[in-house]
Amino acid sequence: MKHDLFQAMLEVIAVEYEAECDPLGPHTAQTLMVTPSPVAFDPLPLGAFDASIRTVLATSNHPVARAALAAQEQVPWGSNPVEDLTEDSIAAMINVATLMGPDGPIPAPDVRLGLVYMRPDSYYPLHLHDADETYVIVAGQALWKAGEDVRMRGAGEMIHHPSLMPHAFRTGPEGFLAIWRWSGDINTHSYAFVEDLGGVLSA
């Protein structure tokens with residue numbers, strides 16, 4: 001039963017990216033659906049963000065939010081894959097569950113995919129990377145900068161960052177939870193911040 005809940009979450013995530021206009025979205029969805037996992041996603045110890053993640057997910061009717069809430073005990077929440085390139089204060093704002101990538105847990109050589117939670121009233125500074133990236137917010141909202149586009153983004157919105165597009169986000173009182181994918185050149189060493197903490201989206 002628990003495996004079925006986790007698989008159901010993967011399937012609704014795939015549906016989101018299957019509908020993306022960028023062809024790398026459907027490629028990511030297809031990779032997710034045809035790649036077996038060599039590990040079992042068993043129930044995990046509750047992390048420090050567990051209650052906050054459940055709270056924001058419970059505010060949303062988005063299919064991925066409902067599925068993630070049901071499967072929460074099996075979601076492999078952990079550190080950001082680029083945490084070693086960030087300051088401690090930035091790393092403390094977010095919790096990332098990597099679901100697929102070169103290092104697993106679902107192996108894929110040319111895509112990365114996961115969930116990300118960001119705490120309320122936090123600012124993630126302007127940054128960029130070689131990878132082509134698409135977020136889908138599934139719960140909560142944030143003021144989002146993608147290149148020259150700055151606006152509030154909420155559940156159901158898809159935000160695409162082409163390679164090397166600077167982007168940043170500031171959460172309000174709910175925080176947000178999103179799914180994300182990287183395609184193209186998915187190296188992590190190109191990840192770089194291009195402003196100081198608290199910059200372009202200051203309140």
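1. Is F169 buried or exposed? In this predicted model, F169 is buried, because its relative accessible area is 3%, and buried means under 20%. The residue belongs to strand 8, which spans residues 167-183.

2. The ring of F169 pairs with that of Y135. The centres are 5.7 Å apart and the planes meet at 70°, an edge-to-face arrangement. Y135 lies in strand 5 and F169 in strand 8, so this pair ties together parts that are 34 residues apart in sequence. Y135 also counts as buried, because its relative accessible area is 7%.

3. Another aromatic pair is made by W144 and F176. This one is tilted, with 5.5 Å from centre to centre and 55° between the planes. W144 is in strand 5 and F176 in strand 8, 32 residues apart, and the pair links these distant parts of the chain. Both W144 and F176 are buried.

4. For the wider aromatic picture, the count of aromatic pairs comes to twelve. One cluster takes in Y135, W144, F169 and F176, and also includes Y124, W180, W182, Y191 and F193.

5. D132 is a polar residue to look at in strand 5, which covers residues 132-146. D132 counts as buried because its relative accessibility is 11%, below the 20% limit. Its side chain has a polar contact of 2.8 Å with the side chain of R181.

6. What else is D132 in contact with, leaving aside its neighbours within four places in sequence? Besides R181, the contacts of D132 are D22, L24, H160, H161, P162, S163, W182 and S183. W182 is also a member of the aromatic cluster.

7. Q74 sits in a loop, between helix 4 (63-70) and helix 5 (88-91). Despite the loop position, Q74 is buried, with a relative accessible area of 5%. The side chain of Q74 reaches the backbone oxygen of F41, at 2.5 Å.

8. Helix 2 runs over residues 24-34, and its buried residues are G25, T28, A29, T31 and L32. Why do they count as being on the same side of helix 2? They cover an arc of only 160° around the axis, which puts them on the same side. An α-helix has 3.6 residues a turn, so residues three or four places apart point the same way.

How values were computed. Residues are numbered from 1 along each chain as its sequence is written. This is a predicted model: local features need pLDDT of at least 70, side-chain atom pairs count only at pLDDT 80 or more; totals for chains, interfaces and linings use all residues. Side-chain values use heavy atoms; hydrogens and water are left out. Helices (H or I, at least four residues) and strands (E, at least two) are DSSP runs, numbered from the N terminus. Buried means under 20% relative accessible area, exposed over 50%, partly exposed in between (1.4 Å probe, protein chains only). A polar contact is a pair of N or O atoms within 3.5 Å; within protein, one must be able to donate a hydrogen and the other to accept it, and residues adjacent in sequence count only if both atoms are side-chain atoms. Contact means heavy atoms within 4.5 Å. The arc is that of the directions from the helix axis to the C-beta atoms. Rings of Phe, Tyr and Trp (its six-membered ring) pair if their centres lie within 6.5 Å; planes under 30 degrees apart count as stacked, over 60 as edge-to-face and the rest as tilted.
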